[in-house]
Amino acid sequence: MCADCKSTESPPRPPPRPAAGPPSLVPARGEDEKEEPEKPPPPPWVPHMDAEEAAALRPGDKLDHRDTAGQSISASVVDMKGTKLLIKYEGWADKWNEWSDYAKELWRFARHGTISSRPCTREFFLRVQPGAMVSVRPRVSSKTGSCQAIAFARIRTWSAGKIRRRTGGKVQVAYQIGLTTACHWCHLDNADELAILMSKPIPSVPARGDYFEQSRRYTVHASPGLTYRRGPKR
């Protein structure tokens, strides 16, 4: 063949590509990469033990116990007298040991590790920081809480509060009782005590009445502005 004929010939065509197989047999992009295992869903929120679990506690058993400030702390039972248990908080000196009656304040007793080491799982509060405003409905121990704080807690109504501190899944919330500022610790997953600001009704004046029905010493009366008057019960 002459040189002129070679120059006019078209270049050879590339071989045809193999037909693609069924979609199930075609490897997807990144299939070789290892997929991250799905995280198991968080355990359901259980605020406290039931009466049978609390009655089964014995000296040496561990539990989560809410101190007088409302914070759930890893603790152990040191002694017991009937339904009263002597609680020792881990990492705290013995002078902070406290007698607690589960028959009267069952809400302070929880299974060990279920609250003290639980992270926040409520999506709205995952990144909440000190300074954020929330709605709070505190629970206060009748042993060491102030007269006004106990009365306000027994009303079980919501109030506007401000987060002061955060430790893991627990926050300290400051709220107003008249002219007094009280503080309360609670877990961010506790929907019974903590909610999004203005998502719960916040009455300006609570119902008038005696909030110390079982006490013979004080009677607390509500008045406009959440002002309380303390005096001997009649």
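Five strands make an open sheet in this predicted model. Their order is 4-3-2-1-5, and the pairing is antiparallel. Look at the two ends of that order. Strand 4 (98-101) and strand 5 (109-110) stand at the edges. Each has a single partner strand, so one side of each is left without a neighbour in the sheet.

What joins strand 1 to strand 5? Two bridges do, and the two strands run antiparallel. Strand 1 covers residues 62-66. Here is one position to find on the model: Asp 64 stands opposite Ala 110, which lies in strand 5.

Now step back to the whole chain. The protein chain has 234 residues, and 35% of them count as buried. Its secondary structure comprises three helices and 12 strands. Next, consider the contacts between residues at least 6 apart in sequence. Of these, 49% join residues at least 24 apart.

Turn to the interior. In soluble globular proteins, nonpolar side chains tend to be buried together. The largest nonpolar core here has 15 residues. Which of them touch the most other members? They are Phe 125, Val 171, Val 173, Leu 188 and Leu 194. Three elements give two or more residues to this core: strand 6, strand 8 (170-177) and strand 9 (180-187). Strand 8 gives the most, with four residues.

Val 171 is a good residue to follow. Leave aside residues up to four places away in sequence, and Val 171 touches Ile 163, Arg 165, Arg 166, His 184, Trp 185, Cys 186, Leu 188 and Leu 194. Two of these contacts, Leu 188 and Leu 194, were also named above among the core residues that touch the most other members.

There is also a second core, separate from the largest one. This second core has 12 residues, including Leu 85, Ile 87, Tyr 89 and Phe 109.

Finally, move to the surface. The protein chain exposes about 15,600 Å², and carbon and sulfur atoms supply 54% of that area. Some nonpolar residues sit together on the outside. Phe 124, Met 133, Ile 196, Leu 197 and Met 198 form a nonpolar patch on the surface. Together they have about 500 Å² of accessible area.

Where is Met 133 found? Met 133 is in strand 6, which spans residues 133-136. Strand 6 also gives two or more residues to the largest core. Is Met 133 itself buried, partly exposed or exposed? Its relative accessibility is 42%. Buried means under 20% and exposed means over 50%, so Met 133 counts as partly exposed.

Notes: Residues numbered from 1 in each chain as written. Predicted model: local features only at pLDDT ≥ 70, side-chain atom pairs only at ≥ 80, totals over all residues. Heavy atoms only, no water. Pairing = 2+ DSSP bridges. Patch = residues over 30% accessible without salt bridge, like charges linked within 9 Å, V, L, I, M, F, W, Y side chains within 5 Å. Areas by Shrake-Rupley, 256 points an atom, 1.4 Å probe, with all protein chains shown as cover. Salt bridge = Lys/Arg side-chain N within 4 Å of Asp/Glu carboxyl O. Buried < 20%, exposed > 50% of the residue type's maximum accessible area, 1.4 Å probe, protein only. Core = buried A, V, L, I, M, F, W, Y, C linked by side-chain atoms within 4.5 Å. Contact = heavy atoms within 4.5 Å.
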